[in-house]
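Please walk me through this protein model. I would like the overall make-up, then the sheet, the turns and the charged pairs.

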Amino acid sequence: MRALRRGWNNGMSGQKHTASFMREEIIDSIMCASAKYNTRGPALIPRMKTKHRIYYITLFSIVLLGLIATGVFQFWPHSIESSSDWTVEKRSVHDVPVVKLPADSPIPERGDLSCRMHTCFDVYRCGFNPKNKIKVYIYSLKKYVDEYGTSVSNTISREYNELLTAISDSEYYTDDVNRACLFVPSIDVLNQNTLRIKETAQALAQLSRWDRGTNHLLFNMLPGGPPDYNTALDVPRDRALLAGGGFSTWTYRQGYDVSIPVYSPLSAEVDLPERGPGPRRYFILSSQMSLHPEYQSELEALQAENGESVLLLDKCTNLSDGVPAVRKRCHNSQMFDYPQVLQEATFCVVLRGARLGQAVLSDVLQAGCVPVIIADSYILPFSEVLDWKRASVVIPEDKMPEMYSILQSVPQRQIEEMQRQARWFWEAYFRSMKAIALATLQIINDRIYPYAAISYEEWNDPPAVKWSSVSNPLFLPLIPPQSQGFTAIVLTYDRVESLFRVITEVSKVPSLSKLLVVWNNQNKNPPEDSLWPKIRVPLKVVRTAENKLSNRFFPYDEIETEAVLAIDDDIIMLTSDELQFGYEVWREFPDRLVGYPGRLHLWDHEMNKWKYESEWTNEVSMVLTGAAFYHKYFNYLYTYKMPGDIKNWVDAHMNCEDIAMNFLVANVTGKSVIKVTPRKKFKCPECTAIDGLSLDQTHMVERSECINKFASVFGTMPLKVVEHRADPVLYKDDFPEKLKSFPNIGSL
């Protein structure tokens, strides 16, 4: 081989030797292979001249190295973005470029009220990325002046500086304009009072990527001006998205704009420690100054009628020098610290002023006071994702005289939950400009990447009930079910006649796959095979060794479907349409208990313990498993993973197995039950007190004891109260029965 290399060198003696060591090794290998091949016999292909072979090998090596280099640069994790932060100094008005706006500079069109995400937003700019996060570009700061050299706007505000800083420090930020999905100008339009409308619009039109405002986001908290105070920013903005603090139903573009809170500077100045929920000194408190005379007179009439339980505050007229008026409120000659006084009230009134959006809403939430919002047509902050019914009471303006009676009808338990929720909303979404900015971007991000959007629970559940330790076991089936449809499990003792009626009715449900009868009577044999109803699906009878209520939740091998219908042998009133509809609802929510008889748990303030409630109400926190769908996995959890001695306690007391299952599912998933169809009456008309357990006089007392026992074992109260019911579409509408999927839904 060395001789061959010397020969090649001699043949090329007139040329300069430039081959690298690596290339020589490649040549050695190839030539070795050629020599090895030649020893096996004559070549089938004519041998290439040595110098041509070396030429092609060199060319191939260069191409290969080029491809490798291209791949490295293409797929290497990108960290090309500048590491320089968007600092406060960069947004200083000192030493920034000055842009002169001629009088005839173009002005954008007025805001297009027809804009929606699919018509005015270019989602293709956002593209796909593994993190499912939009990229936001912040324009560099410039000073805009008119043709006379007068500044178009004042110095950038502290609040807007904090907002831009929050964006630049977030995972949304990019300093590469070509990668941006959303553009945020460094033109401060938070407060319209400080703006020159025409010149600000001209400045927006000068932005390099303006393009009629497409994919641009403007933040405004104080819109409009005297005398009419428009509820949206008056600056012409064409297609730009507006995060506004005072939208009405007339100016808000649903699913396009974002309604944001009006930031309260007191949030940064005053540290209000969280106060626990419960009754407070004042029932209703009003703290807004300079209210409209009509509203003021109605509040005064309310106070005159209800005495000291209503406190009306206004601005103080006898303040000492140096005392900020914004930090004090007065009632007659009595002075109160603000916003501390808000913590002394259960309900705090939030009335509309000249503008719909009011900073007092933030103060009220911070104090853990339940806001009573009286502002017709007001779009509440982040209402696209926040459930304001959990944290506030909204009363129409013409119902102000009835405010006291309306608020008195709110149960104390619900008030306490609303107090907690109000404080949570402030901490998560109101307390700083950073919180407001990031919530706004998250809402827009969820629209663009809906498959990765934050869930309702993540937006609305405080950390105390977010169940961070809960890992939903049903996010993906571990194995496919052996059979489609559902398995009905009927627990029975000796009510043969009603059992046969239940079997007959359930067998009419199209999705029924199998019917399993759990015979819980060890002293009596089940009927002979010839006596059982003839049905279209397999019917299996399982005889138990002991009479236990927990037998209904055993994970029997005969259950081959994911869905299980637990049904008592006296539930003869449910129609096949009701059962089929319940199964369809369960298919959409397979991790929940979906049932028919709804029940409620309440806190008894006099007894200081939980109470079981079976009265017909709109609220439910449990569904009885005498007629309920659930996933078969919960049978395994009930039998083998039930905490403490709950399972043995249930079997010993022959009661509360359904409550135990409700506790278990809620604790594992962190979710509420779903009641389906309007039916509330489930008593068997033929059954007597001797036949059923639930008709015993001590039954209700024991069930209250069960709730307290289970809450003690679980160490928390996992049950969630909801006002929700699932009904079929058109079930109450006056349409022909043949047009309805579930015509026979029944009545109360």
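The report below goes from the whole chain to single residues.

**Basis**

This is a predicted model, in which local features need pLDDT of at least 70, side-chain atom pairs count only at pLDDT 80 or more, and totals for chains, interfaces and linings use all residues. Residues are numbered from 1 along each chain as its sequence is written, and side-chain values use heavy atoms, with hydrogens and water left out.

**The chain as a whole**

The protein chain has 19 helices and 25 strands. Both are DSSP runs, numbered from the N terminus: helices are H or I with at least four residues, strands are E with at least two. Of the chain's 748 residues, 49% are buried. Buried means under 20% relative accessible area, exposed means over 50%, and partly exposed lies in between (1.4 Å probe, protein chains only).

The chain exposes about 38100 Å². Carbon and sulfur atoms supply 53% of that area. Accessible areas come from the Shrake-Rupley method with a 1.4 Å probe; for residues, only the protein chains shown count as cover. Take contacts between residues at least 6 apart in sequence: 76% of them join residues at least 24 apart. A contact means heavy atoms within 4.5 Å.

**An open sheet and its helices**

Strands of a sheet pair through backbone hydrogen bonds, either parallel or antiparallel. Here, 5 strands form an open sheet in the order E9-E8-E12-E13-E14, with parallel pairing. Strands E9 (310–312) and E14 (393–394) stand at the edges with a single partner strand each, so one side of each has no neighbour in the sheet. Two strands pair if DSSP finds at least two bridges between them. E13 (residues 370–374) and E14 are joined by 2 bridges. Ile-373 has Val-394 of E14 as its bridge partner.

Helices lie across this sheet. H8 (residues 293–306) crosses E8 (282–286), E9 and E12 (345–351), at about 145 degrees to E9. H11 (residues 412–430) lies across E12, E13 and E14, at about 85 degrees to E13. Axes are lines fitted to C-alpha atoms, for helices over the stretch in contact; angles run from 0 to 180 degrees between N-to-C directions.

**Hairpin and backbone details**

E10 (residues 328–331) runs antiparallel to E11, and 4 bridges join them. Cys-330 stands opposite Met-335 in E11. The two strands form a hairpin with 2 residues between them. Asn-332 in the turn has a positive phi of about 55 degrees.

E11 (334–337) is followed by a loop to E12 that holds Pro-339. The peptide bond joining Tyr-338 and Pro-339 is cis, with omega about 10 degrees. Another cis bond runs from Pro-226 to Pro-227, with omega near 5 degrees. Pro-227 lies in the loop between E5 (217–220) and E6 (241–244).

Asp-211 is not a glycine, yet has a positive phi of about 45 degrees. This residue sits in the loop between H6 (197–205) and E5 and is exposed at 52% relative accessibility. Asn-608 also has a positive phi, near 60 degrees. Asn-608 lies in the loop between E20 (598–604) and E21 (609–613) and is exposed at 54%.

**Salt bridges**

The structure holds 30 salt bridges. Each is a side-chain nitrogen of Lys or Arg within 4 Å of a carboxyl oxygen of Asp or Glu. Here are some of them.

| Acid | Base | N to O distance |
|---|---|---|
| Asp-146 | Arg-196 | 2.9 Å |
| Glu-199 | Arg-196 | 3.3 Å |
| Glu-397 | Arg-352 | 3.6 Å |

Which parts does the pair Glu-397 and Arg-352 link? Glu-397 is in the loop between E14 and H10 (403–408), Arg-352 in the loop between E12 and H9 (360–366), 45 residues apart. Glu-397 is buried at 17%, while Arg-352 is partly exposed at 26%.

Salt bridges with shared partners join Asp-146, Arg-196 and Glu-199 into one network. Asp-146 is buried at 8%. Glu-199 is buried at 17%. Arg-196 is partly exposed at 27%.
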